[in-house]
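Subject: Structure for your files

Hello,

Here is the structure I said I would pass on. My notes on it follow below.

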Amino acid sequence: ELKSLREIAAVLLREKGAMARLAALESNLRQSLGELEDAKSRASKLSAQLEQSEEKLAEARSAGKLKRLVRGLNPAKLQVVVARLKTELAISQSIMAAAASNQAEIRVAIDRARGEEQRCASEAQALLSQHNLDAGSLSARIRQLSKQAEESTAEVRAIESELEEILAKILRDAKVIATSLTKATISKQMDDQKFDAIVVDEASIAPM
């Protein structure tokens, strides 16, 4: 039962992890959407500025010196402005494309995390129902069973110690002990044993 309950706890932990991932992903998605809107707004402004600057540049190129002087049209300066706006617009468009791609990846990850959360929740609920428990009482039941398991383990160790003492007494009091060579070599019960006589069967094939 303790093993089963610990498996349920592990499923609930996976569900909690999926919920945390889901919250983080949704936060990232909101941030990315905000960045995309900012990039779109900036791109729109840059496009309008670029259009105006290109119109001025075309006018400056077609105007005579006097008109340029009166209107303050400097083709060289306008050319620099147009080039700068084009660069900034390209950067904004690149940011928009990256944000859109990032959002697609985040949405896929959100679907996975949501599916994982739902699977874990369903699995945990089914397992809890089998034990007539809910998530709130699971930890208390695990603690209770863990304490019982520790007590049982202590009892088993005490019994094993008692059995070793009984075995040692049997070996001390025995008139004859029969054992394999391997057992005689690796058994800790045979350590420090004293014998009046030892008979070895097939000694010629036994390793030293």
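Please keep in mind that this is a predicted model.

Overall fold. The chain holds five helices and zero strands, so its elements read α-α-α-α-α from the N terminus on. Its radius of gyration is 41 Å, whereas a compact globule of 208 residues would have one near 17 Å. The C-alpha trace spans about 130 × 55 × 20 Å along the principal axes. Of the contacts with a separation of 6 or more, 76% are between residues 24 or more positions apart.

Surface and charge. Buried residues account for 21% of the 208 in the chain. The exposed area comes to about 15400 Å², with 54% of it supplied by carbon and sulfur atoms. There are 32 positive and 31 negative charges, and their mean positions lie 16 Å apart.

Two residues in helix α3. Q103 sits in this helix, which covers residues 75-130, and I106 is found in helix α3 as well. Q103 has a relative accessible area of 4%, so it counts as buried, the cut-off being under 20%. I106 is also buried, because its relative accessibility is 7%. Leaving aside residues up to four places away in sequence, Q103 touches L29, S32, L33 and L36. On the same basis, I106 touches L25, N28 and L29. L29 therefore appears in the contacts of Q103 and in those of I106.

One distance to note: I106 and L145 are 39 residues apart in sequence, and their C-alpha atoms are 42 Å apart in space.

Regards

Key:
Residues numbered from 1 in each chain as written. Predicted model: local features only at pLDDT ≥ 70, side-chain atom pairs only at ≥ 80, totals over all residues. Heavy atoms only, no water. Helix = DSSP H or I, 4+ residues; strand = E, 2+ residues; numbered from the N terminus. Buried < 20%, exposed > 50% of the residue type's maximum accessible area, 1.4 Å probe, protein only. Contact = heavy atoms within 4.5 Å. Rg over C-alpha atoms; globule rule 2.2 N^0.38 Å. Areas by Shrake-Rupley, 256 points an atom, 1.4 Å probe, with all protein chains shown as cover. Lys, Arg positive; Asp, Glu negative; His and termini not counted. Charge placed at Lys NZ, Arg CZ, Asp CG, Glu CD.
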